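This report concerns the aromatic rings of one protein chain and their surroundings. The sequence and structure are shown first.

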Amino acid sequence: ENKVTSKFKYINSNNKYININANNHILGRLTSVVIKFLKKGYKINIINCKNVKITGRFEKTLVKFFWKKNKKTRTNPNKGPFFLVEPCAIVLKTIRSMLSLKKASHKKLLKNIKCYNHVPALYKYIKTYLFKQAHSKYVTYNTSKIFKLSDFCKKFGWIDNSSTYFDINDKLFRDSIYKKSKVTVKTLYRK
């Protein structure tokens, strides 16, 4: 069951875990709400990251991302930069980019977030929250150009699997995506 909240005071302060259903939430607004709760000391699980929406024209955003991805330098490509393709990893990256990683307190905040592409079995019957400040139904106009993050990620080769999730502390986040991009770079240079 979903509970729609318009202000932060309605969330019970006794429970330190917040489960956010990211269906139809706008990415930037959702991340700002998440950061406010992280600073208050909550632990957050974001569910359905694949259904997060991004405002703007789809083609323009694709061109911008391709332009960043296709930049070439004289450095070793195995050392980065790496581009994330999973929707839950992109949501986590946007939250991480809104925090200052030079501060030790902000590094600790990142450990309190988990992102999932689907609804895991653990969170199937637990109450989740929707936020009016970030929901596309309440924020955007009917004529606004919006697209889903899953459609964007499919253009870069993401395949929809129900088992994927990302956590900063987990090895999946650090190893699997980065190794895939390293392998593709190495295979390009083999003869």
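The sections below describe ring pairs, an aromatic cluster and charges placed over rings in this predicted model.

## Aromatic pairs

The count of aromatic pairs in the model comes to eleven. In one of them, Phe65 and Phe152 meet edge-to-face, with 5.4 Å from centre to centre and 75° between the planes. This pair links distant parts of the chain, as its members are 87 residues apart: Phe65 belongs to helix 2 (residues 58-69) and Phe152 to helix 6 (residues 149-154). Phe152 has a relative accessibility of 6% and therefore counts as buried, the cut-off being under 20%.

Tyr116 and Tyr123 form another aromatic pair, with ring centres 5.5 Å apart. Their planes make an angle of 55°, so the pair is classed as tilted rather than edge-to-face, a term kept for angles over 60 degrees. Tyr116 is buried, with 9% relative accessible area, and Tyr123 is likewise buried, at 12%.

## Aromatic cluster

Phe65 and Phe152 also belong to one aromatic cluster, together with Phe58, Phe66, Phe147 and Phe156.

## Charges over rings

Two lysine residues are described here in relation to tyrosine rings. Lys16 lies over the face of Tyr42, at 5.2 Å from the ring centre. In the case of Lys132, the charged end sits over the ring of Tyr138, and the distance to the centre of that ring is 5.3 Å.

Note on methods. Residues numbered from 1 in each chain as written. Predicted model: local features only at pLDDT ≥ 70, side-chain atom pairs only at ≥ 80, totals over all residues. Heavy atoms only, no water. Phe/Tyr/Trp six-rings, centres within 6.5 Å; stacked < 30°, edge-to-face > 60°. Helix = DSSP H or I, 4+ residues; strand = E, 2+ residues; numbered from the N terminus. Buried < 20%, exposed > 50% of the residue type's maximum accessible area, 1.4 Å probe, protein only. Lys NZ or Arg CZ within 6 Å of the ring centre and 35° of its normal.
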